[in-house]
Each structure stands twice: as C-alpha cells, then as structure tokens.
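Let's take a friendly walk through this structure together, going from one side chain outwards to the helices around it. Have your viewer ready.

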Amino acid sequence: MDLRIFTEPQQGATYDDILRVAQATEELGYDGFFRSDHYLATGDSHGLPGPTDAWTTLAGLARETSRIRLGTLVSSATFRHPGVLAIQVAQVDQMSGGRVELGLGAGWFAREHEAYGIPFPEKRFDLLTEQLEIVTGLWATPVRGTFEHHGAHYTLTDCPGLPKPVQRSTVLPGAAGVPVIVGGSGPRRTPALAARFAGEYNASFPPLAEIGPRFARVRAACEEIGRPADDLVYSVALVMCVGADDAEVARRAEAIGREPQELRANGVAGTVDEATERLAALAAEGVQRVYLQVLDLADLDHLALVAQEVAPRLR
C-alpha cells in the first residue's frame, strides 16, 4: 500500500512551512506529497498568513525534492483555463523530472470564488469534462501537430499542444501525459470520467462501508468502455491522527480541533496498532493508496511516527 501525505495549506501555511513537510515526507520514505487547491480557509481557521497557489507551490517543490510524487487533490476546474493548466502541469512535470500527477475536480467551495472574484457556475460537471478532454488532448497531440476543441465552454483552434510532460499517458498508449486523478461520490458520471481519463480513482473521506461500492462502480464503468478495471489505482484520502499512546492521540486531536473518537471512526487514527488495523481494513476493501491528511504542519514527529512504526507493518 502506498502512503502519501496530503496537506491543506489554505488553513494557514507559508511556502517554507509546506517545504519542510514535503522534504520530511521524502526523507521518511512516503510515496508522495500532495496538497489541496484552495484560496480560502474553511472552518474556524483565520488562514494566516494567507493562501499559496497550488501549482506555484508544486513548481518550487519540484526543484527542492528528488523522489516523491507531487500533485493536487484536487485542482478546481473553475480556477484555470484548461489550456493554461495543461502548460502549467507539463512544465512542473519537466521541472520535477516526471513526478507530477494532476487531480482535477469540478470545484465545490462557492465562498472562495466569491471572495476572489472567480466565476462559479451552478452547473460545473460539463466544464470539468471539457477540461479533461482538453488537457489530456493537448498533451497527447503529436509534436508538430495541432489540437482543436469546439465545445460549449471552450474553443481551441490550431493549438500546438506544447509543452509536453516528461511522462507518458496512463490512458493513451504512446502519448505524452501525466497521471490524472478523478474522485468523487457520484454514482454515474464520476465513474464514467474516471474510466475515460484517469490513472487513479480517489474516494475522499468515505465511510468504510462505502469504499467497496464506489470502487465497484468505477470498475463497472471501465468494463463498459472496454478498459481493464485494473488499469486504475484505487485510493482514499483520510485524516491522520496517530499517537504512541492515547495521551498523544488526544494531544494531536486537540491541536487540530477534533475529537479523538470522531477521528478514530472516520480516519486513520488512534494508537499505532489502531492505525495499522485501519489501514489493513482499507486494503481488504481494495484500497491500494492512502492519502494521509495532515492538518498540523508543524508536527513533523507525527509523520515520523507513522513512517517508522506503522508503514513497516504494511509490507
């Protein structure tokens, strides 16, 4: 099972804060470092000193790490024009030596769009579909060829589809591309998008009982279009709160404003034994990769505990 660290910097973090966590992630042996793509804090957080842009951050991390995978979970289709996004992601993939993954979703947080003057259409799923068509299509366009798209939301004419990512597409044999992550709980359209475009399907913060059915819908969608269901990686994102003992669990829960029992019920939380049991239960449901949501970016000992005491038990 791959373990990746997943952060929420909009809750209050500088680039240097993020860098420390990313470098610790690499040094401790985790598979990847991912971040949310938001511009406004949620809940009671003041968000100070302010937001950081996801792809600007990842460009910096691409040059200051050497092994870990890097990406978003997930970027919002409302934030960027797909032509610009394709260039940004391809460039960061080049800067990282081919370690980037793109999580892309429809967007949900209306308030941050209001705060920063970003349009937030009521219906966004078709927007997301076109963005996936365009981004992957631009990357896959042969060098010296051109790409065109004439849709309800975007029109691209005679685009050279440059620059190209370092990596190859997980969906289109022989074409350039980066792994695309599609997530969500929708019963029909989300599985169809994952089957068509994704190298990975992610279930974010799901109840344990819902993981198997969500994965089954994606597998069925793959079979409907003749794609092997095992082509995809199946992952979840869950909050992490692990301690050497109950007192340490309680201290870490208090630091992020949560209750220990709630975290135990909904995340990878509790003592080392409890966290190991939860991850084993996830594996039994078909989970191949877990994004461990870290909300206290100052607590690097937390990352070390899980890397040194939990991860070895999963091998």
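With which side chain does the side chain of Glu101 make a polar contact? Keep in mind as you look that this is a predicted model. The partner is Arg69: the two side chains make a polar contact at 2.9 Å.

Glu101 sits in strand β5, which spans residues 100-105. Its relative accessibility is 5%, and because buried means under 20%, Glu101 counts as buried. If you set aside the neighbours within four places in sequence, the residues in contact with Glu101 include Arg4, Trp55, Glu200, Arg289 and Tyr291. Arg69 is on that list too, and so is Leu70.

Leu70 makes a good next stop. This residue belongs to strand β3, residues 69-72. At 0% relative accessibility, Leu70 is buried. Leaving out its neighbours within four places in sequence, Leu70 touches Phe33 and Phe34, then Leu58, Leu61, Ala62 and Thr65, and finally Arg99, Val100 and Glu101. There is also a backbone view of this region: the C-alpha atoms of Leu70 and Gly32 are 5.9 Å apart, although 38 residues separate the two along the chain.

Several of those names lead us to helix α2, which covers residues 54-64. Its buried residues are Ala54, Trp55, Thr57, Leu58, Ala59, Leu61 and Ala62. They pack against the helices α1 (15-27) and α3 (82-96), and also against the strands β2 (32-35), β3, β4 (75-76) and β5. At the N-terminal end of α2, Asp53 acts as a cap, with a side-chain oxygen 3.2 Å from the backbone nitrogen of Trp55.

How do α1 and α2 meet? They pack at an angle of about 45°, and their axes are 11 Å apart. That angle makes α1 oblique to α2. On the α1 side, the contact is made by Tyr15, Ile18, Leu19, Ala22 and Gln23, while α2 brings Thr57, Gly60, Leu61 and Glu64. The crossing of α1 past α2 is right-handed.

One last stop concerns the cysteines. How many disulfides does a search of the whole structure find? The search finds 0. Two cysteines to look up in your viewer are Cys222, buried with a relative accessible area of 0%, and Cys241, buried with a relative accessible area of 1%.

Definitions and conventions:
Residues numbered from 1 in each chain as written. Predicted model: local features only at pLDDT ≥ 70, side-chain atom pairs only at ≥ 80, totals over all residues. Heavy atoms only, no water. Helix = DSSP H or I, 4+ residues; strand = E, 2+ residues; numbered from the N terminus. Buried < 20%, exposed > 50% of the residue type's maximum accessible area, 1.4 Å probe, protein only. Contact = heavy atoms within 4.5 Å. Disulfide = S-S within 2.5 Å. Polar contact = N/O pair within 3.5 Å; in protein donor to acceptor, adjacent residues only side chain to side chain. Axes fitted to C-alpha atoms, helices over the stretch in contact; angles between N-to-C directions. Parallel < 35°, antiparallel > 145°, perpendicular 65-115°, else oblique. Left-handed = near helix turned anticlockwise from the far one by under 90°.
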